[in-house]
Amino acid sequence: MASESNSKSKWTSLPEELLDSILDHLSSTADCIRFSAVCSDWRRIAYQNYRNLSCDPRRCHQLPLLMVPISDSSTNTRNLYDMRRQRLYDFQLKVPYHRRCAGSSHGWFIFVDDSYQVTLFNPFSGKYIHLPPIRRLFFEKRIRDEVDEMSVLPDFEKYQYEKKLRVFYNDGEDEGDELEQDIEHEEEESKGPEFEPERFHESEYSVVRGVPSTNPEINPNGYFLMVIYGTQSRLSFVKSGDEYWTHIDKSICNQNVRDVVEFTYVDRGLWYGRDIVYCNGLFYVLDHLGVLLSCDVKTNLKVEKITGLDTLHNKWNHKTYLVESSEGDLLRVIRVIEDEYRYGMTIKFMVYKLVEFCGDPHWTEVNSLGNDALFLGDNHSISVVAYDFVGCQPNSIYFCDNCDDFYYCGGPNDIGVFNLQDGCVRRHYTLTHSQRLMPPSIWISPTFL
């Protein structure tokens with residue numbers, strides 16, 4: 001016992017400068033995990049090292065890994081796959097939510113349950129952050145459920161009834177005991193069984209995209225989360241500690257919108273968002289018409305139109321992403337999917353950079369990412385400096401399925417890397433049939449906190 005104690009004390013007594021130097025030379029995710037597991041002192045050093053590195057938001061200090069279902073179809077564990085080494089790690093993550101992730105950022109998953117509550121979960125630390133439910137999603141569900149009954153009402157009565165529901169679900173104001181009882185009954189019924197291959201969870205796809213302003217672990221009282229939600233892909237955000245979501249629509253933005261298309265192509269708000277990125281202290285949102293918006297949510301909400309309409313991603317087989325490069329440029333990436341059938345495979349990517357000439361911001365196509373590598377999917381789009389990680393390919397786009405529709409039963413399996421220099425797509429990690437019946441894969445950046 002004495003020799004064991006002495007051995008342990010020798011490890012814990014190593015100088016912090018030496019441990020920091022060791023961490024700086026660890027490029028393997030598995031090695032970083034093993035480092036932090038040696039003892040509590042080493043874990044503390046790893047945590048402090050991560051916090052210091054996080055002060056530079058443009059540099060990714062751990063290469064994203066692909067979270068994939070395990071081969072035995074377990075409902076509460078996942079594997080991590082390293083694309084550069086093309087192998088699975090020999091440890092598994094506990095993921096209690098057996099459903100699609102609405103997003104992944106800074107090591108946190110974003111889940112939406114059947115009561116439309118949004119939860120952040122960090123599989124590395126096991127921590128949860130429970131955020132308020134998005135009540136407007138209950139409004140959408142109720143309208144869908146009652147569409148037949150409402151169709152026989154006179155137009156005025158239909159309008160009044162919808163308005164009554166909208167006020168309740170939008171603002172959380174009580175409209176009467178009868179409505180409240182109906183809502184409670186509806187919420188109770190929504191707590192159904194967990195995922196089954198033949199059954200889809202509407203709530204899994206009620207939030208298409210979710211992006212936080214920063215790592216909630218680093219700034220637990222000052223982060224924001226913005227989401228694209230609902231059947232019309234609207235925008236909403238919540239600040240840590242808020243009881244309700246703030247919806248970015250005409251009523252909220254009326255006094256705070258600068259040249260935002262004046263809401264002429266929508267009636268009630270900013271609809272059909274395609275992606276979100278947070279950089280330079282602002283959220284940027286790209287919609288289905290190619291309009292780029294900036295949203296300043298820190299004090300009074302301010303929304304500004306950056307670019308106007310365009311036709312760069314106007315085809316059904318185009319998916320579009322926003323990502324900040326390692327040099328701080330805002331990139332717009334268009335993923336082209338073969339159009340022989342609805343859920344085809346990725347065949348190429350097109351990359352555009354936001355540039356400004358004579359006060360006119362616009363997108364210009366670029367043929368190279370330089371030393372950057374991008375990681376795209378349902379996650380917060382990530383750029384890394386490839387040369388920081390042995391085996392990571394520069395000028396490349398690593399991708400997995402963008403599962404924003406009800407189709408992962410029997411699919412998806414579109415995982416690979418696209419090289420901009422030769423224009424080729426190379427496939428990685430083919431899912432088995434049983435794995436394709438599970439919630440889809442997603443990139444995650446390890447935090448080891």
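Modeller: A residue counts as buried when its relative accessible area is under 20%, and that cut-off is applied here to a predicted model.

Biologist: How many aromatic pairs does the count come to?

Modeller: Aromatic rings pair if their centres lie within 6.5 Å. By this rule, the number of aromatic pairs comes to nine.

Biologist: Are the rings of F109 and F111 stacked, tilted or edge-to-face?

Modeller: Planes over 60 degrees apart count as edge-to-face. The ring centres of F109 and F111 are 6.0 Å apart and their planes stand at 70°, so the pair is edge-to-face.

Biologist: Is F111 buried or exposed?

Modeller: Its partner F109 has 0% relative accessibility and therefore counts as buried. F111 has a relative accessible area of 1%, so F111 is likewise buried.

Biologist: How many residues apart are F349 and F399, whose rings also pair?

Modeller: With centres 5.4 Å apart and planes at 50°, the rings of F349 and F399 make a tilted pair. This pair links distant parts of the chain, since F349 belongs to strand β19 (residues 346-357) and F399 to strand β23 (residues 396-399), and the separation in residues is 50.

Biologist: Which residue forms one aromatic cluster with F349 and F399?

Modeller: F349 is buried at a relative accessible area of 6%, and F399 is buried at 0%. The residue that forms one aromatic cluster with F349 and F399 is F418.

Biologist: How many of the eleven residues of helix α5 are buried?

Modeller: The buried residues of α5 include charged-letter names such as R135, E140 and K141 alongside L137, F138 and F139. Helix α5 (residues 135-145) is largely enclosed by the rest of the structure, because its buried residues number eight.

Methods: Residues numbered from 1 in each chain as written. Predicted model: local features only at pLDDT ≥ 70, side-chain atom pairs only at ≥ 80, totals over all residues. Heavy atoms only, no water. Phe/Tyr/Trp six-rings, centres within 6.5 Å; stacked < 30°, edge-to-face > 60°. Buried < 20%, exposed > 50% of the residue type's maximum accessible area, 1.4 Å probe, protein only. Helix = DSSP H or I, 4+ residues; strand = E, 2+ residues; numbered from the N terminus.
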